[in-house]
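These are my notebook entries on a protein structure that I examined step by step. Each entry records what I looked up and what I found.

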Amino acid sequence: SDLGISTILGFGKKSKYGFASLALLNGTSYSHVNELNNRKDFNFVTIAKPFKNIGSLSHSALMFQFYSGTQNKSLDDLVSVDTSSTPWDTTVTTVSASDSKRQIVSIGGLMAWNSTVDFGFDLNFTTVGKGALGDAVKKRGLSFFTSFYLKKLAAQSAFARSLNFFGRLDLYDPNTDAVDDGHSLLIVGVESTPVKGFKVSLNYRSTNYQDADSKTDNSMYVNTLFKF
């Protein structure tokens, strides 16, 4: 929650081809309406649907987001006390708000063809400041996913028409400067919707760790979904 101003620009009638949004925020949340630092939070988001008039690709879209600001720190949180000379030395050093910055860059997209094949990606890069005494941490999360639907290809079998095959790969690194703290998750499986309101999926999952001493986790799952 924050105080600020934003504007939205639609592309085409009723934003048929997407939109762009720009926001300038106070960066201190509703609970701190007074000015706490001289930095502002900036957020830009755009979603584009360039193939909206092409029936077989009409559900495809691209997304981009850029956010830059600071973590919600009051001025008291951004003050350090220097006791390096003597324990009773109370020399106060004001720390810049930029030392507690937070920045997010996200790029995503979905290429959907004829309700038969989907391919998507979601790329996220985050920088989190650790204050004046620590280096900023850069995080990275990358996802790629795909689905293949038999709905339009298996006209002779109702069961086959209910099937879709899917796969997903997630790559997560909580600190790109460290060499052994990341992991990847691979999921492949098949899903069936035999009747309206019910889905069942059989899938294989494998988690691989960047740390050479950690073993790969392999599992089989059965997932169900009931809708009432």
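The entries below go from the overall layout to strand pairing, salt bridges, loops and the largest pocket.

**Entry 1: Overall layout**

I first noted that this is a predicted model. I then looked up the secondary structure and found 1 helix and 13 strands in the protein chain. I wrote down their order from the N terminus, which is β-β-β-β-β-β-β-β-β-α-β-β-β-β. I also looked up burial: of the 228 residues in the protein chain, 29% are buried.

**Entry 2: Strand pairing**

Next I asked in which sense strand 2 and strand 3 pair, and over how many bridges. They pair in the antiparallel sense, and I found 8 bridges between them. Strand 2 covers residues 18-25, and strand 3 covers residues 41-48. As one example of facing residues, I recorded Ala20, which stands opposite Thr46 in strand 3.

I then followed strand 3 to strand 4, which consists of residues 61-70. These two strands run antiparallel and are joined by 7 bridges. Here I noted two facing pairs. Ile47 stands opposite Met63 in strand 4, and Ala48 stands opposite Leu62 in strand 4.

From strand 4 I went on to strand 7, which spans 101-113. Strand 4 and strand 7 also pair in the antiparallel sense, over 10 bridges. Leu62 appears again in this entry, since it stands opposite Gly109 in strand 7. I added a general reminder for myself: in a regular strand, side chains alternate between the two faces of the sheet.

**Entry 3: Salt bridges**

How many salt bridges does a search of the whole structure find? It finds 2.

I looked up the pair Arg140 and Asp173, whose closest N and O atoms are 3.7 Å apart. Arg140 lies in strand 9 (residues 137-149) and Asp173 in strand 10, so this salt bridge ties together parts that are 33 residues apart in sequence. I then asked whether each partner is buried or exposed. Arg140 is partly exposed, with a relative accessible area of 34%. Asp173 is buried, because its relative accessible area is 7% and the cut-off for burial is under 20%.

I also looked up the pair Arg168 and Asp170, which forms a salt bridge with closest N and O atoms 3.0 Å apart. Arg168 counts as partly exposed, at 33% relative accessibility.

**Entry 4: Ser143**

Arg168 led me to Ser143, as the side chains of these two residues make a polar contact at 3.4 Å. Ser143 lies in strand 9. It counts as buried, at 11% relative accessibility. I also looked up the distance from Ser143 to Ser184: the C-alpha atoms are 9.6 Å apart in space, while the residues are 41 apart in sequence.

**Entry 5: Two serines in loops**

Which sign does phi have at Ser15? The value is positive, near 55 degrees. I noted this because most residues other than glycine have a negative phi. Ser15 lies in the loop between strand 1 (4-10) and strand 2 (18-25). At 29% relative accessibility, Ser15 counts as partly exposed.

I looked up Ser115 next, and its phi is likewise positive and near 55 degrees. Ser115 is placed in the loop between strand 7 (101-113) and strand 8 (117-128). Its relative accessibility is 36%, so Ser115 counts as partly exposed.

**Entry 6: The largest pocket**

Finally, I looked up the largest pocket, which has a volume of about 180 Å³. Which residues line it? Ser115, from the previous entry, is one of them. The others are Asp118, Tyr149, Lys151, Arg161, Ser162, Leu163, Asn164, Glu191, Thr193 and Lys199.

I sorted the lining by class and recorded 2 nonpolar, 4 polar and 5 charged residues. I then asked which strands each supply at least two residues of the lining. Strand 10 (163-173) and strand 11 (183-195) do so. Strand 10 had already appeared in my salt-bridge entry, as the strand that holds Asp173.

Conventions: Residues are numbered from 1 along each chain as its sequence is written. This is a predicted model: local features need pLDDT of at least 70, side-chain atom pairs count only at pLDDT 80 or more; totals for chains, interfaces and linings use all residues. Side-chain values use heavy atoms; hydrogens and water are left out. On a 1 Å grid over the protein atoms alone, a cavity is a set of points where a 1.4 Å probe fits but cannot get out, and a pocket is an open set with protein on both sides within 12 Å along at least five of seven lines; lining residues have an atom within 4 Å of a point. Grid points are joined across faces, edges and corners, and a volume is the space filled by probe spheres set on the points. Helices (H or I, at least four residues) and strands (E, at least two) are DSSP runs, numbered from the N terminus. Ala, Val, Leu, Ile, Met, Phe, Trp, Tyr, Cys and Pro count as nonpolar, Asp, Glu, Lys and Arg as charged, and the others, Gly among them, as polar. A salt bridge is a side-chain nitrogen of Lys or Arg within 4 Å of a carboxyl oxygen of Asp or Glu. Buried means under 20% relative accessible area, exposed over 50%, partly exposed in between (1.4 Å probe, protein chains only). Two strands pair if DSSP finds at least two bridges between them. A polar contact is a pair of N or O atoms within 3.5 Å; within protein, one must be able to donate a hydrogen and the other to accept it, and residues adjacent in sequence count only if both atoms are side-chain atoms.
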